[in-house]
Amino acid sequence: MPVTPVDPAALRAAYERQLALLLPVVDELEREATAASPLLSDDWRGPAAAAADDLLRDLRRGLHEAATAVDDEVRRVRHRLAELS
Amino acid sequence: MSRPSEYAGIAADVGGPLLVTPAGTTVVSTDAVLASADRLRTLERSMHEKVRRVLAADAVALGWPIRDDLVPRLERVRARCEQARDAFGRAAEEYTRAEAEILALQQQAAGFLAALLGPALLGALARIILFQPGVLLAAALSGWAAIPDGPDGRLGTVRDFMLAHPELITSPEFARFVSLVVTSIDDVALGLVGVPAWLAAIPGVDLSVGGDRGVAFGAVSTIALGSLFGMFRETPVTAARESTAPVSAAPTGSRERLDRIPEGSPVRIEKYEADGMPPRYVVYLGPTETFSPFSDHEPRDLSSNVHGVAGLDPGAYRVVERAMADAGIRPGDEVVVAGFSQGGLMADLVIASGDWNVVGKQTFGAPSGNIPMPEGLFGMAVRNTDDFIPALAGPQLDHHVLQVEREAFAGDTPPPTALPAPAHQRGGYADTADAIDGAESAALREQNRLLDRFTADYLELPGGQATQYLYRGERVPG
């Protein structure tokens, strides 16, 4: 089958659009991963205190891992963008 | 904000957490739990928005195919937030259900005992009065003589003892006890007419008015009994305007509203005007002035309290009505009412009357839980859980307005001894009002904001101005 040539300018615009969408996601995830706990102090005691600690740990880990994953994707898009130059 | 002098030496923050019951629900949460749930909800929305962005990036024509695991990763974080928020909700529901079950059991037990023992005790008392009055007199005199005679007499000794031991009447347990007593008076009456105690203890078998668990009946019985001795007598009243003055600024926050509730004059009305707008009013109502059960010149007395809880037409309420009319408040004008103690009771009577267009309220320590409120009001009812005065109207009847509760003296610090019932004093409510102003939950902040905006909005408009009227009421002894 014949391969249709792709306009490099259109590709550049597509990658830049993807970066514009993904970069704020990385920034926000990194900020949320290191932000203060969403749980207000309420003298958590016993099982509630353990559950609060678990939640906080899960959230920070999940946010950090998501930030890393999206950041990896941003790097790949940037790499493709650099290849066009 | 400064603290009243009687609270000198008491650390500012000795109160417990704010307990919040949003309007339209009976589920009690702490402000901190509600605020935590708010933050988790915000995080959920944030994850949802990120999912939308990642999907949009993946859908860009000619774009790099986005790896498949990003959306599930974000969804897992969102789901964890939702799961925790649900757990908070379930915990609050279970706490509320457990509390309600305990209260129901206590009410049934109290009703049973009242119906079983009340008639017997009253009968014994009546027999002694009729057939052996000397024995009763001797017992009373012996008891009176047993009280040490201090510098202010034996009554002074009793007063000093109560002041020195505020812990006896300053606890959530005592407030609960008071509530159980006032909701059991009707069970005594049922027992007197022969209803078996087991039947009187069944929920719904009572002499309630509008589901108030017999609170109004108890107050009417108190009035009837007191009237035999000339107590709790209602009289005509007058209301006279004392002063008129401009208001420089609208109140901001619950503490400032509490501080505007008058102590000397019973009624303070603020009129807010702006060009082209109908006037708005805030009616501030002060607390009880005298606890004498014998009506004199002061309408803010015990008679008004008992008649108010009974749902009758207390003198203090008629003073408020006259003052509102004199201030020019028309039936359609928007009004917010704010009151402390008896003032809160009168505020709720103004709302319940349906004669005025009350759109919001803020009451502190009001014995008015048995008064049904209409739906759609903004604002809040504030009670200290270790204050027994609100318990005189029984448990909270409806939840059409946000309820805020807090134990005023929750720590190991003993309550102050300068004034009686410290959890009912302004100082106790000033601390709670400060805690409300520092609250983090959207449920509480929004109601505080609505109360603030009701007055501040007009002052920010062209021609915005406010005027204050102070009124004094008088009983006209008949």
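Here is a short chat about buried residues and backbone angles in a predicted model.

Trainee: Why is Phe232(B) called buried?

Mentor: Count its neighbours: 25 other C-beta atoms sit within 10 Å. The cut-off for buried is 20 or more, so Phe232(B) makes it.

Trainee: And what makes Ala421(B) partly exposed?

Mentor: Ala421(B) has 19 other C-beta atoms within 10 Å. Buried needs 20 or more and exposed needs 12 or fewer, so Ala421(B) falls in between.

Trainee: What is the phi of Phe232(B), and where does Phe232(B) lie?

Mentor: Its phi is near 55 degrees, which is positive, and Phe232(B) isn't a glycine. You'll find Phe232(B) in the loop between helix H8 (215–227) and strand E3 (237–247) of chain B. Ala421(B) has a positive phi too, about 45 degrees, and belongs to the loop between strand E9 (402–406) and helix H13 (426–437) of chain B.

Trainee: Why point those out?

Mentor: Because most residues other than glycine have a negative phi.

Trainee: How do you know that Leu285(B) touches Val337(B)?

Mentor: Contact here means C-beta atoms within 7 Å. Leu285(B) is listed as touching Val337(B), so that pair meets the cut-off. Other contacts of Leu285(B) include Ile261(B), Val320(B) and Met346(B).

Trainee: Which residues touch the most other members of the largest nonpolar core?

Mentor: Among them are Leu285(B), Val283(B) and Ala323(B), in a core of 91 residues. Helix H1 (residues 31–58) of chain B gives the largest share of this core, 10 residues. Apart from it there's another core of 28 residues, including Val215(B) and Ile389(B).

Terms used:
Residues numbered from 1 in each chain as written. Chains lettered and ligands numbered in written order. Predicted model: local features only at pLDDT ≥ 70, side-chain atom pairs only at ≥ 80, totals over all residues. Core = buried A, V, L, I, M, F, W, Y, C linked by C-beta atoms within 7 Å. Helix = DSSP H or I, 4+ residues; strand = E, 2+ residues; numbered from the N terminus. Contact = placed C-beta atoms within 7 Å. Lists of a residue's contacts leave out its neighbours within four places in sequence.
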